[in-house]
Amino acid sequence: MHWSEQEAARYRAKGYWRGETFGGMLRELARTYAARPALISPDARWTFEDLDERADRLAAGLHADGVRAGDRVVVQLPNVPEFHQVCFALFRLGAWPVFALPAHRSAEISYFCEFTEAAAYVCPDDAHRSYAPGTPAYVLGDLPDAEPTDLPGPGPGDVAFLQLSGGSTGLPKLIPRTHDDYLYSFRASAGICALRPDSVYLCALPAAHNFPMSSPGVFGALSAGAASVLAPDPSPGTCFPLIERERVTIAALVPPLALVWLDAAANTRHDLSSLEVLQVGGAKFGSEAAKRVGPELGCRLQQVFGMAEGLVNYTRLDDDEELVVTTQGRPISPDDEIRILGDDGRESDEGHLLTRGPYTIKGYWRADEHNRTAFTEDGFYRTGDLVRRTPTGHLVVEGRAKDQINRGGEKIAGEEVENHLLAHPAVHDAAVVAVPDPYLGERACAYLICRGERPARAELRAFLRERGIAAFKIPDRYEFVDAFPQTAVGKVSKRHLRERT
Ligand code: J2J
């Protein structure tokens, strides 16, 4: 579950792990950058001092309510400055945010609350309370507030939060990230992206996602003394005016949104000339679209291939155009160990990507059985991604060997949706697989074997909605079949199903 003493000693000696916590970092930033802007939204503007003070007051309020170090708190908030206030308040208490996405509904939220035995749930409005029956809820706008007191904080090696895995299993796995490892990953990312105090980062994707949180994301921007603009949604209609007004220098998008931005930029009246870097990641960005970014948006493209479990790759700002357009970058750290295994299990330059390093986890939280297969005995994480390594050490994502659909950057675990479909009385068996899509890259298709009469597609969708799962997990297509193709060992062959479409 942990880095070995030897690894930890090396990461400290090399200066990756600096023995700092989130709480300490913010205190330091508030001293250095004081009245400079930290978080900007369409109707709020918080300085570093504001964030520091508000985090303290909220921490004191939560503490007075009984929230303690090690407690889990499910956090589901939109892109508002309070999101980061809640994060830092919990970090200071040593309580762990469990990051849910705004799209999650009752099935996901109730699971997170039960599985983590959450002490509280922080949600956007009253309507969300019902998602977590039995867990005390705090609603945005009604957060507790008290005079700051001296609270004993967590240590740098302690878990800071639980991040959500994209997932390939029936129930989502939770990723424990420590102060030391996460601070390293976003500080190093801020360096790679050349963030300075006068940089302005646009957080257009949901702030809880690992990409806009840490690659370099809002935390990386804060660590560099830079401001972050929190966009309520990622559309050009919302973001272009914000880019113009706040002179945004760097933004992060998933590929389908990058396409929307490219098309919208062609006839916008907004001035986007402040934009220096557009980061695109979360799913494969095709080279044809990648080529358009420079000429059409007038900024540099940076491809980002990362995962909430740790490893993040970036094309560098001074990489050749060819590398930027055709690869998904190279690792943050010289100590990110990359192992690529062919199907025969031998090391190769093409095949299954495994990794270990100073900010890649050694195990999911409370998932011993799954961890035995998701990690090797010598502590490498099996990413489930198929990659090719170029002579320059850049990685090209060629495919995936895990049971997951990447719907334009939103991850869907096949098995999770199958389990919901199997609860329908007319569904005898279900297999959910990815089908290619020109806009989203992939969409989800459910293959179903039914008993009796086939349910209408609209009924299946309504059934899944009622089960309370996030809308993006509801399959786009339904195909009815009499049998599933089988592998040599008699399992459903999802590869053959994918090839049918
Ligand atoms: C192809 N597949 C990609 C890319 C992620 C930065 C950026 C992204 C994430 C993220 C992140 C890809 N091309 N450029 O956490 O910090 C797929 C891979 C990977 C999975 C991880 C970050 N970028 N992927 O997307 O945990 O399959 O993290 O294993 O959501 O997304 O998903 P997630």
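Colleague: How should the pairing of strand 16 with strand 17 (residues 350-356) be read, as parallel or antiparallel, and over how many bridges does it run?

Modeller: Strands of a sheet pair through backbone hydrogen bonds, either parallel or antiparallel. Here the sense is antiparallel, and five bridges join strand 16 to strand 17. Two strands pair if DSSP finds at least two bridges between them; helices (H or I, at least four residues) and strands (E, at least two) are DSSP runs, numbered from the N terminus. Within this pair, Leu-341 lies opposite His-352 of strand 17. The model is predicted: local features need pLDDT of at least 70, side-chain atom pairs count only at pLDDT 80 or more, and totals for chains, interfaces and linings use all residues. Residues are numbered from 1 along each chain as its sequence is written.

Colleague: In what order do the four strands form the open sheet, and which strands stand at its edges?

Modeller: The order is 16-17-18-19, with antiparallel pairing. Strand 16 (337-341) and strand 19 (395-400) are the edge strands; each has a single partner strand, so one side of each lacks a neighbour in the sheet. From one strand to the next, the twist averages 45°, with angles running from 0 to 180 degrees between N-to-C directions of axes fitted to C-alpha atoms, for helices over the stretch in contact.

Colleague: At what angle do the axes of helix 3 (residues 48-64) and helix 4 (residues 81-93) cross?

Modeller: The two axes come within 8 Å and cross at roughly 60°. Helix 3 is therefore oblique to helix 4, since angles under 35 degrees count as roughly parallel, over 145 as roughly antiparallel, 65 to 115 as roughly perpendicular and the rest as oblique. The crossing of helix 3 and helix 4 is right-handed, that is, the near helix is turned clockwise from the far one by less than a right angle.

Colleague: How many residues surround the ligand, and which strand gives the most to the shell?

Modeller: A residue is near a molecule if its C-beta atom, placed from the backbone, lies within 6 Å of it. The ligand is surrounded by 23 residues, the closest being Asn-210, Phe-211, Phe-305, Gly-306 and Ala-308. Strand 13 gives the most, with five residues. At least two shell residues come from each of helix 7 (210-214), strand 13 (300-307), strand 18 (381-389) and strand 19. Strand 19 is also an edge strand of the sheet described above.
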